[in-house]
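Here is a short tour of a ligand site and of one residue elsewhere in the chain. Please keep the view open as you read.

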Amino acid sequence: MDDAPAAQSPSEEDVLGLLRGVIDPELGSNIVELGMVKGVVVDDDGRVKVTVALTTAGCPLRAQIQRDVRTRAGSIPGVSSVEISWTELTQDEKAATMARARFNISQDAPETEIPATTKVLMVASGKGGVGKSTVTVNLAAALAEKGLTVGVMDADIWGYSVPRMLGVEGRLGGSPEVGKIDPIEVPVGDGLVKIVSMGFLVDREETALMWRGLMLNRAVQHFCEDVAWGSMEYLLIDMPPGTGDVQMGLAKLLPRAEMVVVTTPALAAQKVAERVANMGRNNYLRVVGVIENMSAFVAPDGEHHELFGRGGGEALAADIGAPLLGSIPIDPGVSSGGDQGRPAALGDGPAGKAFRALAEVIFTEAAPPVDMAGCSARMLAAAEKALDAAEA
Ligand code: ADP
């Protein structure tokens with residue numbers, strides 16, 4: 001008696017079709033679309049060989065991808081075994097994969113109240129106390145002074161200091177009829193700074209300390225979705241220091257956000273700052289560059305005092321392959337200005353000049369406002385190029 005005929009071996013397309021269900025958990029898209037499936041071979045006995053290229057050989061998600069590939073390919077009638085071999089994406093392939101993932105994520109990004117024409121910059125640092133909030137506020141003031149409208153989202157619950165540094169206090173007002181929160185507005189020069197801060201939500205700093213990741217994440221989401229930001233050229237987000245839930249949450253909410261990393265000249269601090277930059281990149285955020293704060297103090301006699309060491313900004317920039325955007329010297333005017341709600345960026349001290357130079361670099365080269373970048377046409381072209389590259 002003959003055996004029942006074995007099911008016919010599936011075609012390679014059949015296998016690829018099923019593999020489209022395997023999602024790279026980190027990149028959020030399927031491995032076929034991301035160009036990570038390098039080959040599928042099916043022999044007459046139904047043995048399937050799949051070659052998968054990972055972003056790095058030691059990818060911690062390998063086990064999960066392996067399981068998913070096996071389960072999916074193995075579920076096709078006629079498949080007798082599934083064998084996977086692993087390789088690594090080349091640099092070019094990795095860039096194309098990332099571009100594709102970024103594009104897909106931007107397509108699925110949730111609606112926020114932050115206009116598409118707003119350039120979003122996350123101001124991040126490895127640890128607290130390096131002057132991240134100071135840089136955020138002063139950069140906002142220097143950009144606003146040019147006549148721009150700049151939003152500041154103070155997402156640093158533990159060190160929320162933005163309201164004080166800009167000389168505002170109070171609670172957030174609302175527009176009950178539209179159910180949105182209004183940011184607090186401060187005119188600066190010809191421009192405007194719009195602020196939303198954790199400090200407006202909590203009464204006392206001790207309350208803030210009790211906030212945990214998830215709650216914080218919700219608050220930040222709230223700031224993106226329920227604040228009537230209105231039009232603005234820039235939104236600067238003062239991030240909590242280090243890597244964590246808020247970074248991940250914001251990267252998902254605002255996939256087009258870009259990142260600047262604040263560091264001090266102390267070389268020892270660079271490793272942790274580098275981790276922050278890498279985390280941004282792992283969430284597909286472009287790292288615009290590095291800002292060194294607390295660089296040499298220039299005494300009135302012209303002598304330089306490198307109180308916090310030297311070279312940290314340059315070293316970090318070189319390590320993460322991003323430019324050094326500016327160095328802000330130690331200047332007593334920065335802390336007194338911060339305490340009095342008058343940002344040093346608006347004054348003539350050494351830090352004021354440095355902040356204005358930094359704003360100029362950001363405005364003209366490093367992260368120009370969306371309109372200046374020729375918005376739709378160029379963005380579309382870039383996205384299409386990324387897609388072509390990913391498909392090639
Ligand atoms: P972070 O946000 O990184 O925790 P802050 O912006 O709160 O840090 O700054 C920490 C302290 O250092 C503040 O008291 C601030 O006034 C001071 N500071 C920051 N940058 C400078 C600078 N360039 N010169 C002098 N003091 C500074």
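Around the ligand there are 15 residues, and those that come nearest are Gly129, Gly131, Lys132, Ser133 and Thr134; a residue is near a molecule if one of its heavy atoms lies within 4 Å of it. This is a predicted model, where local features need pLDDT of at least 70 and side-chain atom pairs pLDDT 80 or more, while totals for chains, interfaces and linings use all residues. Numbering starts from 1 along each chain as its sequence is written, and side-chain values use heavy atoms, without hydrogens and water.

Three backbone polar contacts (pairs of N or O atoms within 3.5 Å) are listed here:

| Backbone partner | Ligand atom | Distance |
|---|---|---|
| Gly129, N or O atom | oxygen | 2.7 Å |
| Val130, N or O atom | oxygen | 3.1 Å |
| Pro329, polar atom | nitrogen | 3.0 Å |

On its own the ligand has 560 Å² of accessible area, and the protein covers 76% of that (Shrake-Rupley method, 1.4 Å probe). Two or more residues of the shell come from each of α4 (132–145), β12 (286–295) and α11 (332–340), with α4 giving the largest share, 3 residues. Helices are DSSP runs of H or I with at least four residues, and strands are E runs of at least two. By type, the shell holds 6 nonpolar, 7 polar and 2 charged residues, with Gly counted as polar.

Now to Thr97: is this residue buried or exposed? Thr97 sits in helix α3 (residues 91–108) and is buried because its relative accessibility is 2%; buried means under 20%, exposed over 50%, with a 1.4 Å probe and protein chains only. Beyond its neighbours within four places in sequence, Thr97 is in contact with Leu27, Leu34 and Leu89, contact being heavy atoms within 4.5 Å.

Terms used:
A polar contact is a pair of N or O atoms within 3.5 Å; within protein, one must be able to donate a hydrogen and the other to accept it, and residues adjacent in sequence count only if both atoms are side-chain atoms.
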